[in-house]
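Me: I have a model open and want to learn how to read it. Can you take me through it, feature by feature?

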Amino acid sequence: MNEKLYKSLSRIGGSTLAVGIVVLVTGVAAGTILIVNGAKLIKKKYEIMI
């Protein structure tokens with residue numbers, strides 16, 4: 001019984017770690033894209049006349 005529990009916990013821990021890495025990478029990529037787009041908008045703000 002203990003071996004089965006140990007193996008289950010190992011799989012769960014590994015999958016949780018993988019999901020965490022994917023979420024981290026996605027968050028960093030989304031943040032980078034938002035910063036770049038924001039900088040472009042600020043740069044183009046001076047070209048717009050209302």
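The dialogue below goes from the overall fold to single residues.

Reply: Start with the source. This is a predicted model.

Me: How many helices and strands does the protein have?

Reply: Count the secondary structure before anything else. Here there is one helix and there are zero strands.

Me: Where does helix α1 run, and how many residues does it have?

Reply: Helix α1 covers residues 2-45. That makes 44 residues.

Me: What span is expected for α1, and what does it reach?

Reply: Compare the end-to-end distance with the expected rise. At 1.5 Å a residue, 64 Å is expected. From first C-alpha to last, α1 reaches 64 Å, close to that value.

Me: Is the protein a compact globule or more spread out?

Reply: Set the radius of gyration against the globule rule. For 50 residues the rule gives 10 Å, and the protein comes to 22 Å, well over it, so the protein is more spread out than a compact globule. The box tells you the proportions. Along the principal axes, the C-alpha atoms fill roughly 75 × 15 × 5 Å.

Me: What share of the residues counts as buried?

Reply: Buried means under 20% relative accessible area. Of the 50 residues in the protein, 0% meet that. For α1, the number buried is zero out of 44, so the helix lies largely in the open.

Me: How do I read single residues? Take Val22, Ser10 and Ile48: which are exposed and which partly exposed?

Reply: Use the cut-off: exposed is over 50%, and partly exposed lies between that and buried. Val22, in α1, has 53% relative accessibility, so it counts as exposed. Ser10 is also a residue of α1. At 43%, Ser10 counts as partly exposed. Ile48 sits in the segment after α1. Its 57% puts Ile48 in the exposed class.

Me: How far apart in space are residues such as Val22 and Ile42?

Reply: Check sequence separation against C-alpha distance. Val22 and Ile42 are 20 residues apart in sequence and 30 Å apart in space. Ser10 and Gly31 are 21 residues apart along the chain, with 32 Å between their C-alpha atoms. For Ile48 and Ala29, 19 residues apart, the separation is 29 Å.

Me: What supplies the exposed surface, and which residues make a nonpolar patch?

Reply: Look at the total, then at clusters. The protein exposes about 5,000 Å², and carbon and sulfur atoms supply 74% of that. Leu5, Leu9 and Ile12 make a nonpolar surface patch of about 300 Å². Of these, Ile12 is found in α1.

Technical notes:
Residues are numbered from 1 along each chain as its sequence is written. This is a predicted model: local features need pLDDT of at least 70, side-chain atom pairs count only at pLDDT 80 or more; totals for chains, interfaces and linings use all residues. Side-chain values use heavy atoms; hydrogens and water are left out. Helices (H or I, at least four residues) and strands (E, at least two) are DSSP runs, numbered from the N terminus. Buried means under 20% relative accessible area, exposed over 50%, partly exposed in between (1.4 Å probe, protein chains only). The expected span of a helix is 1.5 Å times one less than its number of residues. The radius of gyration is taken over C-alpha atoms; the globule rule is 2.2 Å times the number of residues to the power 0.38. Accessible areas come from the Shrake-Rupley method with a 1.4 Å probe; for residues, only the protein chains shown count as cover. Patches are made of residues with over 30% relative accessible area and no salt bridge: like charges are joined within 9 Å, nonpolar side chains (Val, Leu, Ile, Met, Phe, Trp, Tyr) within 5 Å. A salt bridge is a side-chain nitrogen of Lys or Arg within 4 Å of a carboxyl oxygen of Asp or Glu.
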